[in-house]
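Here are some notes for your reading of this entry, set out as numbered points. They deal first with the sheet and then with the contact between chains.

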Amino acid sequence: MHRFWSIFIARNKEYYRDHASFGWNIMFPFLIIFGFALIFQNGGQRPYKVAILTSQTIHPAIQMQVCSHDLFSCIHIADKEMAIDKLNHHQLDMVLENVAHPFKYWINSSSPKGILSESLLTRKAISNHELNQRLIKQTIDSKPVHYIEWLFPGIISMGMMFSSLFGIGFTIVRYRQNGVLKRLKATPLTSFEYLCAQILSRLLMILLTNIILYTGCSWLLGFQCRGSVFHLLIFFSIGTISVISVGLIVAARTKTEELAHGLLNIITWPMMFLSEVWFSIEDAPMWIKRFALCLPLSHVTRGLRHIMNDGAHLFDLSTELFYLSILTVVFLSIGSLLFKWTQ
Amino acid sequence: MRNSGVNQNNISTTGHLTVKNLVKYYGKICAVNNISFNIAPGICFGLLGPNGAGKTTTIEIIEGITHPTSGEILYNDAPRDRSFWERIGVQFQSTELFAFLTVRESIQTFMRLYRNQVSLEQLIRICSLEDIQHQENRKISGGQKQRLMLAIALANNPDLIFLDEPTTGLDPQSRRHLWEIVSAIKQKGKTIVLTTHYMEEAQILCDEIIIVDKGKIIAQGVPEDLITRKCAGQIIRLPQENVSQDVRQLLSSNQDMTWHLDATNKFILIQTQTVNECIALLMHHQVDLSRLTIRPHNLEDLFLQLTGKALRH
């Protein structure tokens, strides 16, 4: 145990004395908080961007029907050619002329958002009148989950993924390259003790930065965690260890930082897209959904959302915890078996 | 400090190392070719050889860093086990340390990896690190770093210490300072295995040496004995312009004398066992002897004689 503590303490000191790296890791959450605050200060972005072709006052009908609508964001553009070009490049969803009747509008027919904007504008979203007559709107009994509350667990799991994979991967590869690992091999220190010290040191740093991020965002954006913060912390820690163990596999034998960078990118991109941080994969082929189950980040994101958005207890997350535990054991075993002290 | 296997003079008597038929292949290249030797406790044992001779591979196999292709290593007459790493100290040719730790913290970090520890203050004093103990590793000089690495190698009061080219790249002052520290460690009865490219260093510090070339041992013994055995006589040095072609021919024709130019081509080196006769010959031919020097053979002469003068890569 004394050997583990020795390396754990040394790594932590290394970390906080490297002011550039430490500063960036502390600054990073604040930048995210600032970015979020900027984006969501008015209750979040309106999804459809409409360019109003005018340099003068907007027509009252357009003002009332379009610009005051919760889903339309109006942008004034005087140059029609420029507006059409932006529409063509999916930078705008619709272009609307601000002149007397009839109001001409343009959409990009290959853009789903353009088509939806048109439907909203012309109220043609559901044109089947028979169905229209049979529809009765119902409301959700529970408190609706705001977009920021849905997004936040994904953002912190994504930040955790980058910090876990690159933090642990690069550190070990650099130590192998410059001979620190070789020197440690000539001591009674075992690879298990060394790797445990690295994992816990990185976990400590990730927890610290994410506690700052959570507190700052919660204070600035006013969202709340519906479950227990303690459970959130426990689940997040388990998830972090699981993702770090993926980094260990990459770091186990990699000889150069360049190769490590490439391998880590190969891992991070699929994890980011398939873990539903940004969008759902409900309609993806079954094999993709199955593959996503092998990625720890999918379970981390889902579990965090259950706790934060649905108020789930740790017991309710037995499936996620089961997958994460299995994946951690598998990745750690592979990483430890493959681990080499020297090049 | 802890004493294991202490004799009447309070000197450690453990640290006996036996290397038997050591072989190491890297692919098809044989780096170590059936090497065997014994290192008695309490001596400084030198492992010498040109670049690529297999010294570092041999030492790293003994340290447990590299696995041998075949062969056996016994420590105190038993195969090495995990306790071996508790009892050895290692200073590699070139390694980095945790860049942002101070010198003192680095020693502490390594000390905590062992059950057996020495006094930190004592270690800092022995290795003359008092003035830089609170400096970060990334800010210390090459000589200071080598002293720190030596301190780390001594952190567990080892019985057997491996020093792999500890003075390479150091200025003469730092080198001599390190020799003093190594001599002091030797006085405590520790067994030291030293590799070096500096023959002067080996001659001063080593009680016994082996010279390795192309993975094989080509000479083994006490340095002075080896020099006497393999390079008899003295070396007379004169500026080459003082010795005419006629005199050179005379020297060549004499069976007791051989000559060659030194590496700079400025001096002629005459190797002879009959110094008086040689000087008489030079005086007879009115050679200017005002800048003459005479010296015995040294380890470098022996080394070059055995391994040749061709450049190694």
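In what order do the four strands of the open sheet in chain A stand, and what is the sense of their pairing?

1. The model is a predicted one, and the points below should be read in that light. In chain A the four strands form an open sheet in the order 2-1-3-4, and the pairing within this sheet is mixed. Strand 2 (72-77) and strand 4 (105-106) of chain A stand at the edges with a single partner strand each, so one side of each has no neighbour in the sheet.

2. Strand 1 (residues 48-53) and strand 3 (residues 94-97) of chain A are paired in the parallel sense, over four bridges. A:Ala51 has A:Val95, in strand 3 of chain A, opposite to it.

3. Two helices of chain A should be considered together with the sheet. Helix 3 (residues 60-67) of chain A lies across strand 1, strand 2 and strand 3 of chain A, and runs at about 140° to strand 2 of chain A. Helix 4 (residues 80-88) of chain A packs on the sheet and touches strand 1, strand 2, strand 3 and strand 4 of chain A, while its direction makes about 165° with that of strand 1 of chain A.

4. As to the contact between chains, 19 residues of chain A are in contact with 21 residues of chain B. On the side of chain A that touches chain B, helix 1 (2-17) and helix 8 (180-185) of chain A each supply at least two residues, and helix 1 of chain A gives the most, with seven residues. By class, that side of chain A has eight charged, six polar and five nonpolar residues.

Technical notes: Residues numbered from 1 in each chain as written. Chains lettered and ligands numbered in written order. Predicted model: local features only at pLDDT ≥ 70, side-chain atom pairs only at ≥ 80, totals over all residues. Pairing = 2+ DSSP bridges. Contact = placed C-beta atoms within 7 Å. Axes fitted to C-alpha atoms, helices over the stretch in contact; angles between N-to-C directions. Nonpolar A, V, L, I, M, F, W, Y, C, P; charged D, E, K, R; others polar.
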